[in-house]
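The following paragraphs lead the reader through a structure by way of its charged side chains and one of its loops. Please keep the sequence and the model in view while reading.

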Amino acid sequence: MDMEKQLHLIRAGNFKENNGSVMRTINMLRHQFHKLKSVEYALPDIDKGDIIDSVNYLYEAGYIHLRDIITKQPATLADSDFDELEAKLTAKGISFLAGGIQDPCIKI
């Protein structure tokens, strides 16, 4: 197997694990929003860029809600800074963690 293919497999595996770690961290207080900055602090072994990738995937896939910390209005990473957002699991996210649905891009 060539080096490029191995690196691709490593990145894909890390992405799945990172998605699971971010989701579990956001789930800690499932009924409240968490600042994304707090998620970053809770996961010091994951690079901020990788956390952003995971948050973006989880949002786009419908597993988390994102909102502005100050205005409490819905927001996205596309129109807001990471440090200005907070997240909470959606019903779909809770269902995933409870084993009700599966996603090949998330490893729990």
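The structure holds 6 salt bridges; it is a predicted model. One of these salt bridges joins Lys107 and Glu17, whose closest N and O atoms are 3.6 Å apart. The two partners come from distant parts of the chain: Lys107 belongs to the segment after α4 (91-97), whereas Glu17 sits in helix α1 (residues 3-27), and their positions lie 90 residues apart in the sequence. Lys107 is partly exposed, its relative accessible area being 47%. Glu17 is likewise partly exposed, with a value of 40%.

A second pair to examine is Lys48 and Asp83, whose side chains form a salt bridge of 3.4 Å from N to O. Lys48 is located in helix α3 (residues 48-60) and Asp83 in the loop between β2 and β3, so this pair ties together parts that are 35 residues apart in sequence. Lys48 has a relative accessibility of 27% and therefore counts as partly exposed. Asp83, at 33%, is partly exposed as well. Both residues also belong to a network of salt bridges that links Lys37, Glu40, Lys48 and Asp83.

The strands offer another example. Glu86 forms a salt bridge with Arg67, and here the closest N and O atoms are 2.5 Å apart. Because Glu86 lies in strand β3 and Arg67 in strand β2, the pair ties together parts that are 19 residues apart in sequence. Glu86 has a relative accessibility of 5%, so this residue counts as buried.

Glu86 also has a partner in the loop between β2 and β3, where Lys72 is found. The side chains of Lys72 and Glu86 are joined by a polar contact of 3.2 Å. Leaving aside residues up to four places away in sequence, Lys72 touches Arg67 and Glu86, the two residues that form a salt bridge with each other. The C-alpha atom of Lys72 is separated by 9.0 Å from that of Leu85, a residue 13 places away along the chain. Lys72 is partly exposed, with a relative accessible area of 40%.

Thr76 is placed in the loop between β2 (64-68) and β3 (85-89). Is Thr76 buried or exposed? Its relative accessibility is 19%, and therefore Thr76 counts as buried, the limit being under 20%. Not counting residues up to four places away in sequence, Thr76 touches Tyr59, Leu66 and Leu85. In addition, a polar atom of the Thr76 side chain lies 3.2 Å from the backbone nitrogen of Ala78.

Technical notes. Residues numbered from 1 in each chain as written. Predicted model: local features only at pLDDT ≥ 70, side-chain atom pairs only at ≥ 80, totals over all residues. Heavy atoms only, no water. Helix = DSSP H or I, 4+ residues; strand = E, 2+ residues; numbered from the N terminus. Buried < 20%, exposed > 50% of the residue type's maximum accessible area, 1.4 Å probe, protein only. Polar contact = N/O pair within 3.5 Å; in protein donor to acceptor, adjacent residues only side chain to side chain. Contact = heavy atoms within 4.5 Å. Salt bridge = Lys/Arg side-chain N within 4 Å of Asp/Glu carboxyl O.
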